Amino acid sequence: MTRKTRIRAALVTATAVVTAATVSVGVSAAGSEKPSKPTEKRIAALFDGWNAALRTGDADTVADRYAKDAVLLPTVSNKVRTDRAGIVDYFEHFLQNKPVGKKVQTIIDVLDSDSAIDTGVYEFTLTDPGTGKKRVVEARYTYEYEKRDGVWKIVNHHSSAMPEG
């Protein structure tokens with residue numbers, strides 16, 4: 001083997017080793033990529049889904065938006081709801097007023113790929129089932145969302161009427 005051939009062989013070997021190392025690093029880096037964070041728009045749309053669930057008039061449909069271990073501090077009840085039965089009970093009563101929600105102000109904080117907080121002010125137009133009279137209730141809200149088994153769920157929902165209303 002000539003000196004030139006040995007140098008060529010060494011260069012080919014070195015190139016192969018560098019290529020293999022680069023591919024290995026690329027594969028391990030690709031495997032360790034973190035899932036991307038959802039956009040603020042994606043998190044804001046979770047409220048739209050919840051509001052659409054209200055329009056069904058079905059308490060179970062609304063409760064499906066909540067995690068099994070969710071906590072609900074509702075607007076028009078003094079009782080803290082910490083399980084599905086309590087959440088369904090609240091919405092069975094709340095839905096009798098045919099609530100229509102609308103955000104007035106929203107601040108979204110995407111914490112990571114699987115959790116976010118949406119907080120702000122919303123208002124509900126409620127219709128008295130007996131008289132048909134409508135009234136608007138303005139409230140502060142906080143929704144804490146977590147992605148569980150690939151589905152966004154409400155894990156904490158606090159809503160309280162504005163104190164100066």
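This is a short tour of the structure, stop by stop, with something to select at each one.

Before you click, know that this is a predicted model, in which local features need pLDDT of at least 70, side-chain atom pairs count only at pLDDT 80 or more, and totals for chains, interfaces and linings use all residues. Residues are numbered from 1 along each chain as its sequence is written, and side-chain values use heavy atoms, with hydrogens and water left out.

**Stop one: the sheet**

Switch to cartoon and colour the strands. Helices (H or I, at least four residues) and strands (E, at least two) are DSSP runs, numbered from the N terminus. You should find an open sheet of five strands, ordered S1-S5-S4-S3-S2, with mixed pairing; two strands pair if DSSP finds at least two bridges between them. S1 and S2 stand at the edges with a single partner strand each, so one side of each has no neighbour in the sheet. On average, neighbouring strands here are turned by 20° against each other, direction ignored. Axes for such angles are lines fitted to C-alpha atoms, for helices over the stretch in contact, and angles run from 0 to 180 degrees between N-to-C directions.

Now pick S3 and S4, which pair in the antiparallel sense over 13 bridges. Follow the pairing to Thr127, which stands opposite Lys134 in S4.

**Stop two: the helices on the sheet**

Select H2 next. H2 lies across S1, S2, S3, S4 and S5, and runs at about 140° to S2. Then add H4, which packs on the sheet by touching S1 and S3; contact means heavy atoms within 4.5 Å. The direction of H4 makes about 55° with that of S1.

Show side chains along H4. Gly86, Ile87, Val88, Tyr90, Phe91 and Phe94 are the ones to look for, as they are buried (under 20% relative accessible area, with exposed over 50% and partly exposed in between; 1.4 Å probe, protein chains only). What covers them? The cover over the buried residues of H4 includes H2, H3, S1 and S3.

**Stop three: the core**

Select Ile43, Trp50, Val62, Tyr66, Phe91, Tyr143 and Tyr145: these have the most contacts inside the largest nonpolar core, which has 33 residues. Such a core is a set of buried Ala, Val, Leu, Ile, Met, Phe, Trp, Tyr and Cys residues joined through side-chain atoms within 4.5 Å. Elements giving two or more residues to this core include helix H3 (59-63), helix H4 (84-94) and strand S4 (134-148). H2 gives the most, with six residues.

Centre on Tyr145 and look around. Leaving aside residues up to four places away in sequence, Tyr145 touches several others, among them Ile43, Leu46, Phe47, Asp118, Trp152 and Val155.

**Stop four: the rings**

Hide everything but Phe, Tyr and Trp. The structure holds 16 aromatic pairs. Rings (for Trp, the six-membered one) pair if their centres lie within 6.5 Å; planes under 30 degrees apart count as stacked, over 60 as edge-to-face and the rest as tilted.

Start with Phe94 and Phe124, an edge-to-face pair at 5.7 Å centre to centre, with 85° between the planes. Phe94 sits in helix H4 and Phe124 in strand S3, so this pair ties together parts 30 residues apart in sequence. Phe94 is buried at 4% relative accessible area, and Phe124 is buried at 3%.

Then try Tyr141 and Tyr143: the ring centres are 5.5 Å apart and the planes at 55°, so the pair is tilted. Tyr141 and Tyr143 are buried. To see the wider setting, select the one aromatic cluster formed by Phe47, Trp50, Tyr66, Tyr90, Phe91, Phe94, Tyr122, Phe124, Tyr141, Tyr143 and Tyr145.

**Last stop: the charges**

How many salt bridges are there? The count comes to seven, taking a side-chain nitrogen of Lys or Arg within 4 Å of a carboxyl oxygen of Asp or Glu.

- Asp89 and Arg81 meet at 2.8 Å, N to O; Asp89 is partly exposed at 27%, whereas Arg81 is buried at 7%.
- Lys102 and Glu123 have their closest N and O atoms 3.4 Å apart. Lys102 lies in strand S2 and Glu123 in strand S3, so the pair ties together parts 21 residues apart in sequence.
- Arg148 and Glu146 meet at 2.9 Å, N to O, with Arg148 partly exposed at 29% and Glu146 partly exposed at 25%.

Finish by selecting Asp60, Asp64 and Arg84, which salt bridges with shared partners join into one network.
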